[in-house]
Amino acid sequence: MSDPRYSVVGSTYPLDSKQRALIELADSLGPRFAERAERYDREASFPHENYADLRAAGLLGLCVPERFGGRGADLRTYSIVSATLGKYCGATALTYNMHACSMLWPGALSDDLDMTPAQRAEHDRHRAIHYQRVIRDGAIYAQPFSEGSAAAAGRAPFGTTATRVSGGWSVNGKKIFASLSGAAHYYGVLCTEAKPELSMRDTLYMAVPGNAPGLSIIGDWDPLGMRGTVSRTLLFKDVFVPDEAQMMPRGIYFQAASRWPHMFTTLSPTYLGIAIAAYEFTVRYLRGEVEGMPPVKRRMYPTKQIAVAEMWVKLEQTRSLFLRMLEDARVDPPKDARLRAYAAQFSIMENANAICGLAIRTCGGQSMLKSLPLERLYRDSRCGSLMLPWTAELCLDRIGREALYEPGESDD
Ligand SMILES: Cc1cc2nc3c(=O)[nH]c(=O)nc-3n(C[C@H](O)[C@H](O)[C@H](O)COP(=O)(O)OP(=O)(O)OC[C@H]3O[C@@H](n4cnc5c(N)ncnc54)[C@H](O)[C@@H]3O)c2cc1C
């Protein structure tokens, strides 16, 4: 392990041998990811080489259950591995989240949900197909859910619809911010079963092949940060998918979203990784140890020491809440655990950006040049709290409401 101060868990956190090995594996890929990150960011291009490395390392199957040939990582293990990748390349970690969770949600997470024996058997048949594509063929899955409406926030049915047709479904609609656009082999789309009245209970989760007739990718991609995610717009026009495209049986996504809230915390590890990277950079910079920079030390100034102390306090608060949140993650968590998950997500996203801001102020003007990674970390870190369904605003919204109202209570 590298210096434990810059690891996701520190030196004393209890890990099993599988988790330790996976962190070491992620750390071993990291330096190459860090080297390539500047180019992906500059070009706003997808990190294909990093995905080739992830594939070769067997990490595309991280969250595929062992009995389907994967590494069987649960949410906690996934999150620690993902945060480790986030230290080296934010865009790779964020897109890896979309792929890994496409495996985790139909896997370990779905095993906790109520299904009839027929649904369970159907789900096993379908997920075996998705898992085989990843394990045997090295396929990559994306998770385009956002539509620019209240749906991705969990407040309205998705406007993208799936109509029952012979042998499968016909998908119509639009998804914005589809990370991995053009790079994914399958897009795991959330859509609503077309009925006279659309209902969130009828949400379907379908894997649409990247080369399906009727699917097109439009628009450009030139954002502030997370540029390597290449999150363009997808259009679906009468796209046929067979029944086996379902990644969860009908109605089960709605159950998952209600009963397994920590499934929405999985974007946050990327941003913890970014916060750690910014802290590590600052220490190395002030010690005059950054490669390619003159070995000028700046650590003797008391103001710099105080700033580093503030950054460490913020980082430790963030990391501790992250690890505690992971211990809470389970089906039907108690209310305090749910509130803590919102608080953790809020803190990780906001503190990552605050730590990057402090890093730039403390290191000074030369540190924000494009030849160094800090300005990219700063821009990438700004994106975390904008990501639905648990944006910083929506986390506060939920904490406030759920703290003051019990289920079913109103003031009428
Ligand atoms: C780098 C990047 C990659 C992304 N990748 C993906 C991806 O792969 N898949 C995907 O599905 N999405 C992805 N997204 C999209 C992201 O999750 C959000 O959907 C998107 O940022 C929302 O933008 P918007 O302007 O449409 O937000 P709006 O819906 O206009 O919301 C703006 C803000 O208003 C608040 N808000 C929204 N709805 C409500 C509500 N009902 N009540 C109260 N407040 C509300 C929220 O705080 C929100 O941030 C990505 C975003 C970024 C920045």
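## Exercises on a predicted model

Gly182 sits in the loop that joins strand 3 (168-178) and strand 4 (186-193). Keep in mind as you work that this is a predicted model.

### Exercise 1: A glycine in a loop

Find out whether Gly182 is buried or exposed, and list what it touches beyond its neighbours within four places in sequence.

Solution. Start with the accessible area: for Gly182 the relative value is 58%. A residue counts as exposed when this value is over 50%, so Gly182 is exposed. Next come the contacts. With neighbours within four places in sequence left aside, Gly182 is in contact with Tyr187 and Ile217. Finally, try a distance: Gly182 and His262 are 80 residues apart in sequence, and their C-alpha atoms are 28 Å apart in space.

### Exercise 2: An isoleucine in a helix

Locate Ile276, decide whether it is buried or exposed, and name its contacts.

Solution. Ile276 belongs to helix 7, residues 268-286. Its relative accessible area is 0%, and buried means under 20%, so Ile276 is buried. Not counting residues up to four places away in sequence, Ile276 touches Tyr6, Ser7, Val8, Lys87, Leu315 and Arg319. For a distance along the way, take Ser347: it is 71 residues from Ile276 along the chain, and 14 Å separates the two C-alpha atoms.

### Exercise 3: Two residues of one strand

Compare the burial of Thr233 with that of Asp238, and look at the phi of Asp238.

Solution. Thr233 lies in strand 7, which covers residues 232-242, and Asp238 lies in strand 7 too. Thr233 has a relative accessible area of 15% and is buried, whereas Asp238, at 45%, is partly exposed. Among the residues that Thr233 touches, leaving out those up to four places away in sequence, are Lys174, Ile176 and Ser216. Now for phi: most residues other than glycine have a negative value. Asp238 has a positive phi of about 50° although it is not a glycine.

### Exercise 4: Backbone oddities in loops

Which phi does Ala44 have, and which form does the peptide bond from Leu388 to Pro389 take?

Solution. Ala44 is in the loop between helix 1 (17-43) and helix 2 (48-56). Its phi is near 50°, a positive value in a residue other than glycine. At 13% relative accessibility, Ala44 is buried. Turning to the bond, recall that most peptide bonds are trans. The one from Leu388 to Pro389 is cis, with omega near 5°. Pro389 lies in the loop between helix 10 (374-382) and helix 11 (392-404).

### Exercise 5: Around the ligand

Identify the residues that come nearest to the ligand, then find polar contacts through Arg155, Leu388 and Thr391.

Solution. Of the 19 residues around the ligand, the nearest are Phe145, Ser146, Phe177, Ser179 and Glu393. The shell divides into 10 nonpolar, 7 polar and 2 charged residues. For a polar contact, the two atoms must lie within 3.5 Å. A ligand nitrogen is 3.2 Å from an N or O atom in the side chain of Arg155. A ligand oxygen is 3.0 Å from a polar backbone atom of Leu388. In the case of Thr391, an N or O atom of its side chain is 2.8 Å from an oxygen atom of the ligand. As for cover, the ligand has 980 Å² of accessible area on its own, and the protein covers 74% of it.

Notes: Residues are numbered from 1 along each chain as its sequence is written. This is a predicted model: local features need pLDDT of at least 70, side-chain atom pairs count only at pLDDT 80 or more; totals for chains, interfaces and linings use all residues. Side-chain values use heavy atoms; hydrogens and water are left out. A residue is near a molecule or strand if one of its heavy atoms lies within 4 Å of it. A polar contact is a pair of N or O atoms within 3.5 Å; within protein, one must be able to donate a hydrogen and the other to accept it, and residues adjacent in sequence count only if both atoms are side-chain atoms. Accessible areas come from the Shrake-Rupley method with a 1.4 Å probe; for residues, only the protein chains shown count as cover. Ala, Val, Leu, Ile, Met, Phe, Trp, Tyr, Cys and Pro count as nonpolar, Asp, Glu, Lys and Arg as charged, and the others, Gly among them, as polar. Helices (H or I, at least four residues) and strands (E, at least two) are DSSP runs, numbered from the N terminus. Buried means under 20% relative accessible area, exposed over 50%, partly exposed in between (1.4 Å probe, protein chains only). Contact means heavy atoms within 4.5 Å.
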